[in-house]
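Work through the exercises below with the sequence and the coordinates side by side, and attempt each task before reading its solution.

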Amino acid sequence: MDVTVSSWLVIALGILGANLPFLNEKLFAAVPLKKAAQAEQVWRKPLALRLLEMVILYFIVGAVAFALEARIGNGFPQTWEFYAITGCLFLVLAFPGFVGRYLRKRR
């Protein structure tokens, strides 16, 4: 895989991973949190669960990025500044999903 393709893949996974908690009511878009018998009740994931899911997805996307970097060549050692910056970038990438879920007016 080319360096450019792997870079764009990590960016696309970052955008998807950051917005995934806000796009649906399932855990990681796969695990329903309510039983089918109680499906008539409207239940929404709390914000804390969405943020926890987003943190876990941050580490999953980071692991994929590290694996792609190691496949290209030697992985570079990172310090806390790298993780602080990428964590803030992940929060910025989650902004469209957050706006769509919490700030957009429902009609």
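A helix is here a DSSP run of H or I at least four residues long, and helices are numbered from the N terminus. By that criterion Ala70 lies in helix α2, in a model that is predicted.

**Exercise 1.** Determine whether Ala70 is buried, partly exposed or exposed, and how far Ala70 is from Pro96 in sequence and in space.

*Solution.* Begin with the cut-offs, by which buried means under 20% relative accessible area and exposed means over 50%, with partly exposed in between. The relative accessibility of Ala70 is 41%, so Ala70 counts as partly exposed. Then take the C-alpha atoms of Ala70 and Pro96, which are 31 Å apart in space, while the two residues are 26 apart in sequence.

**Exercise 2.** Identify the residues of the largest nonpolar core and the helix that gives the most to this core.

*Solution.* The core consists of nine residues, namely Ala18, Leu20, Phe22, Met54, Leu57, Tyr58, Val61, Phe90 and Ala94. At least two of these come from each of α1 (3–23) and α2 (47–72), and α2 gives the most, with four residues. For one core member, Tyr58, the contacts beyond four places in sequence are with Tyr83, Thr86, Gly87 and Phe90. As a general point, nonpolar side chains in soluble globular proteins tend to be buried together.

**Exercise 3.** Describe α1, from its start and its span to the partners of its buried residues.

*Solution.* At the start of α1, a side-chain oxygen of Asp2 comes to within 3.3 Å of the backbone nitrogen of Thr4. The helix has 21 residues and spans 30 Å between its first and last C-alpha, close to the 30 Å expected at 1.5 Å a residue. Its buried residues include Ser6, Gly14, Gly17 and Pro21, and the buried residues of α1 pack against α2, α3 (80–93) and α4 (95–103).

**Exercise 4.** Work out how α1 and α4 are oriented to each other, and what surrounds Arg101.

*Solution.* The axes of α1 and α4 come within 8 Å and cross at roughly 10°. Angles under 35 degrees count as roughly parallel, and therefore α1 is roughly parallel to α4. On the α1 side the contact is made by Asn19, Phe22 and Leu23, and on the α4 side by Pro96, Gly97, Phe98, Arg101 and Tyr102. Arg101, which is placed in α4, has a relative accessible area of 16% and is therefore buried. Its side chain reaches the backbone oxygen of Phe22 at 3.0 Å, and the contacts of Arg101 beyond four places in sequence also include Arg44 and Arg50.

Conventions
Residues numbered from 1 in each chain as written. Predicted model: local features only at pLDDT ≥ 70, side-chain atom pairs only at ≥ 80, totals over all residues. Heavy atoms only, no water. Core = buried A, V, L, I, M, F, W, Y, C linked by side-chain atoms within 4.5 Å. Buried < 20%, exposed > 50% of the residue type's maximum accessible area, 1.4 Å probe, protein only. Helix = DSSP H or I, 4+ residues; strand = E, 2+ residues; numbered from the N terminus. Contact = heavy atoms within 4.5 Å. Expected span 1.5 Å × (residues − 1). Polar contact = N/O pair within 3.5 Å; in protein donor to acceptor, adjacent residues only side chain to side chain. Axes fitted to C-alpha atoms, helices over the stretch in contact; angles between N-to-C directions. Parallel < 35°, antiparallel > 145°, perpendicular 65-115°, else oblique.
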